[in-house]
Each structure stands twice: as C-alpha cells, then as structure tokens.
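Me: Please give me a close look at a single part of this protein, and then set that part within the rest of the chain. I am in my first year, so I would like the reasoning to be spelled out with care.

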Amino acid sequence: MAMKKKYLIIGLLIILSSKGFCQFDNYINGYVVKESRDTIFGKLKDMSEERSCFKIKFIDSNGNKVKFKDAEVYAYKRGTELYFKKSYERPISISNMLGFMKLIDTGKVKLFQFSYVVQNAGTMNANGVMTGGRSSYRQDYYIEKNNRLLLVRKMGFKNTMTEYFSDNSELADKIRSKDLKYRDIKEIVRMYNRSKE
C-alpha cells in the first residue's frame, strides 16, 4: 500500500511539473515597447493574426505574466512580426478605434495589415432559434506616408492609389491601367519603396 502511494505521489509530481513547464511552450521571444518608449523583453504568446491585433499576452524574463493596458503599449514584436498601435477606421465605421497593426513593409510608405473576425447573423427558425450564423476572417490594409494613415479601399482603389503614388509615374500608370489592383497592394508598396531608396 505504501508503495502505491509513493508511485501515485511521484506520478502527480511529474504531471504537475510538466504542466508547469509546458504552459509557456507557445510563447515566442520578443518585446513590448511602452508609450514612454521603454522596452521590456520577454516572450509573447503566439496567437492568430486576428487576436494579435487586439490582445497581448506577455511573460517577462523571470517567467512572470505581465498585463498591459492598451494605453500603455506603443508597439510589440513577437519573433519576426512587428505590431504598432494605431487609430484606424474600418470600411464601414462611424468613428476611429485603436488596435495593433502588423507591419508588412517599411520605407517611405509603410504598409500595415489589420486582421479581424466578422460575425454574420443567422436567421431565426420557426422555434425562435438562431441558425446559420458564421464567422469570417477579414484583413484590411493601411498605408502610411508622412505619419498619415490611410485605409486602402477596394472601391475607388484605382483613382485613390494613382494619386497617392503619383510621384512614381511608372507605378501610377500601372495602377491606372489596372495592371496592378487592390490584391497587389503588397507589391505596389514594395515597388514604390524600392524606387525611393
């Protein structure tokens, strides 16, 4: 009987200690830059792109969880991904909101990606139960030049982007002729930044 207790205690200790070691397995090296521009190094939880635009889960170099208020954080880096807090407008919105945008390209023009989930309503069946609702994942792109952030919209893309990149006539012509479209925004920004190096 004493031997069974001994093995039970050893088994429990192994399970509990392995759970303690594994709780930070999905954390990646990085840092948080506070609004004061102080940088805190540690690890950030590896989350989906959608959650990464709204939430930070951070542990410091001592293994302690640290919570930050949105107003405290300027930017964060998780592995190779860099996110900046930005005030943004949505394609259909009344006012601007705050969130973290992933930096995709940098240079004279910065390209940011903002990912989010849209909840689509279902329909009410005869029993009064909602059915058919689903979620869809969306990404909006924002470009920034001279500290002015602009939502890249599909509607009016040709005219807006032709004007925005007008100081590169070759690129503006490709946008005007629809050789480059909304889906090519990463390539457009990359081409523009290379031309300004």
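Reply: A strand, as the word is used here, is a DSSP run of E with at least two residues, and strands are numbered from the N terminus. With that in hand, we can begin at Ser 136, which is found in strand S11, and keep in mind throughout that this is a predicted model.

Ser 136 has a relative accessible area of 18%, and because a residue counts as buried when that value is under 20%, Ser 136 is buried. Setting aside residues up to four places away in sequence, we find that Ser 136 touches Tyr 116, Val 117, Val 118 and Asn 120. One of these partners, Asn 120, stands 16 residues from Ser 136 along the chain, and the C-alpha atoms of the two are separated by 7.6 Å.

Strand S11 covers residues 134–145, and it is one of the elements against which the buried residues of helix H3 pack, the others being strand S12 (148–152), helix H4 (169–176) and helix H5 (185–195). Helix H3 itself runs over residues 157–164, and its buried residues are Phe 157, Met 161, Thr 162 and Tyr 164. Looking down the axis of H3, we see these buried residues fall within an arc of 165 degrees, and therefore they line one face of the helix. The face turned away from that buried side carries Asn 159 and Glu 163, which are exposed.

The loop between S11 and S12 holds Asn 147. With a relative accessibility of 71%, Asn 147 counts as exposed, and its phi is near 60 degrees, a positive value in a residue other than glycine. To see why such a value deserves notice, recall that most residues other than glycine have a negative phi. Arg 37 also has a positive phi, of about 75 degrees, although it is not a glycine. Arg 37 is found in the loop between S1 and strand S2 (39–45), and at 46% relative accessibility it counts as partly exposed.

Another residue worth following is Lys 86, which is found in strand S6 (residues 81–88). Lys 86 is buried, with a relative accessible area of 15%, and its side chain makes a polar contact of 2.8 Å with the side chain of Glu 144. Apart from neighbours within four places in sequence, the residues in contact with Lys 86 include Met 97, Leu 98, Phe 112 and Leu 149.

We can now turn to the nonpolar interior. In soluble globular proteins, nonpolar side chains tend to be buried together. Here the largest nonpolar core has 21 residues, and those with the most contacts inside it are Val 32, Ile 56, Tyr 76, Phe 114 and Tyr 142. The elements that give two or more residues to this core are strands S1 (27–34), S5 (73–78), S6, S7 (97–105) and S8 (110–120), and S8 supplies the largest share, four residues. Apart from this core lies another of 17 residues, among them Ile 143, Phe 165, Ile 175 and Leu 180.

Lastly, the wider setting: the protein has five helices and twelve strands, and buried residues make up 32% of its 197 residues. Among contacts between residues at least 6 apart in sequence, 47% join residues at least 24 apart. The accessible surface comes to about 13,200 Å², and carbon and sulfur atoms account for 52% of that area.

Key
Residues are numbered from 1 along each chain as its sequence is written. This is a predicted model: local features need pLDDT of at least 70, side-chain atom pairs count only at pLDDT 80 or more; totals for chains, interfaces and linings use all residues. Side-chain values use heavy atoms; hydrogens and water are left out. Buried means under 20% relative accessible area, exposed over 50%, partly exposed in between (1.4 Å probe, protein chains only). A polar contact is a pair of N or O atoms within 3.5 Å; within protein, one must be able to donate a hydrogen and the other to accept it, and residues adjacent in sequence count only if both atoms are side-chain atoms. Contact means heavy atoms within 4.5 Å. A nonpolar core is a set of buried Ala, Val, Leu, Ile, Met, Phe, Trp, Tyr and Cys residues joined through side-chain atoms within 4.5 Å. The arc is that of the directions from the helix axis to the C-beta atoms. Accessible areas come from the Shrake-Rupley method with a 1.4 Å probe; for residues, only the protein chains shown count as cover.
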